[in-house]
Amino acid sequence: MTHEEKYLKNELLKNARKPEGKLGGKLIDMMNENHESLVQWSIKHLDVCKEDVILDIGCGGGVNVERFLKMTENKVYGLDYSDIAVEKSAERNQKEIEDERCEIIQGSVSKMPFNDNSFDIATAFETVYFWPDFVNDLKEVRRVLKDDGIIFIANEAVPVKDNGRQKEFMELLDAKIYSEEELKDSLCRAGFKDIACFNKESTDSFTGDLATWICAIAKK
Ligand SMILES: C[S@@+](CC[C@H](N)C(=O)[O-])C[C@H]1O[C@@H](n2cnc3c(N)ncnc32)[C@H](O)[C@@H]1O
């Protein structure tokens with residue numbers, strides 16, 4: 001890869017933390033496609049009922065909001081702090097927004113504009129790497145969940161020792177990759193119970209490198 005190609009790829013990738021402008025829109029379109037396999041695999045571990053009110057945090061381009069709208073007959077909310085993510089999610093789910101079955105809200109996971117005990121399920125696909133204060137942010141998710149509500153986290157990576165490429169990406173994105181132990185410990189410290197994690201050996205959708213996928217599920 002030439003220096004210029006690497007620079008452009010990095011500029012695009014930087015948008016994973018908070019998509020912005022044209023490049024952010026382009027990355028969102030790519031993530032909608034690239035994350036599909038991770039979602040297809042991980043979501044098998046999540047039971048969704050027709051009555052569930054669902055929140056997708058860090059909803060990006062809104063494909064999972066769209067997916068959940070087909071799995072529940074109740075309301076689905078998407079939350080993201082990025083302008084372009086909110087715009088694209090809203091565009092994708094326009095009809096359900098008009099039908100008042102969906103809301104896309106701009107905001108940070110650290111202080112969500114929802115009442116206590118609002119949701120049956122809160123999901124976070126490929127986003128916790130960027131949450132600024134993980135345990136407190138999980139406490140905030142717990143606050144908005146109903147009693148016995150479920151938090152569901154799916155990540156395409158766990159930390160790999162001496163993986164220079166992973167280290168480079170994480171520095172570029174100012175991101176934190178969590179191990180199974182760290183996920184479990186953080187969920188426990190935030191007050192969640194019945195914590196379980198599942199893994200799958202696969203590949204990183206952006207680099208094509210071997211990667212361990214992980215999803216964590218826990219109850220309020
Ligand atoms: C890598 S993208 C994943 C998007 C989508 N969940 C998917 O799987 O395609 C991460 C998303 O999380 C959002 N995000 C990151 N930190 C956030 C925070 N503190 N509060 C709300 N959204 C956040 C970003 O704006 C971005 O849209």
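Trainee: How do you know that strand E4 pairs with strand E5 (residues 145-155)?

Mentor: Two strands pair if DSSP finds at least two bridges between them; 6 bridges join E4 to E5, so the requirement is met. The two strands run parallel. Strands (E, at least two residues) and helices (H or I, at least four) are DSSP runs numbered from the N terminus. This is a predicted model, in which local features need pLDDT of at least 70 and side-chain atom pairs count only at pLDDT 80 or more, while totals for chains, interfaces and linings use all residues. Residues are numbered from 1 along each chain as its sequence is written.

Trainee: Which residue in E5 is the bridge partner of phenylalanine 125?

Mentor: The partner is alanine 154. From E4, the chain crosses through helix H7 (residues 134-144) to E5 in a right-handed β-α-β crossover. The term applies if, with the strands pointing away from the viewer, the path from the first strand over the helix to the second runs clockwise.

Trainee: Why is E4 (residues 119-125) called mostly covered?

Mentor: A residue is buried if 20 or more other C-beta atoms, placed from the backbone, lie within 10 Å of its own, exposed if 12 or fewer, and partly exposed in between. In E4, 6 of the 7 residues are buried, so the description holds.

Trainee: What makes Ala122 notable in the largest nonpolar core?

Mentor: Such a core is a set of buried Ala, Val, Leu, Ile, Met, Phe, Trp, Tyr and Cys residues joined through C-beta atoms within 7 Å. The largest has 54 residues, and Ala122 is among those with the most contacts inside it, together with Ile151 and Ile153.
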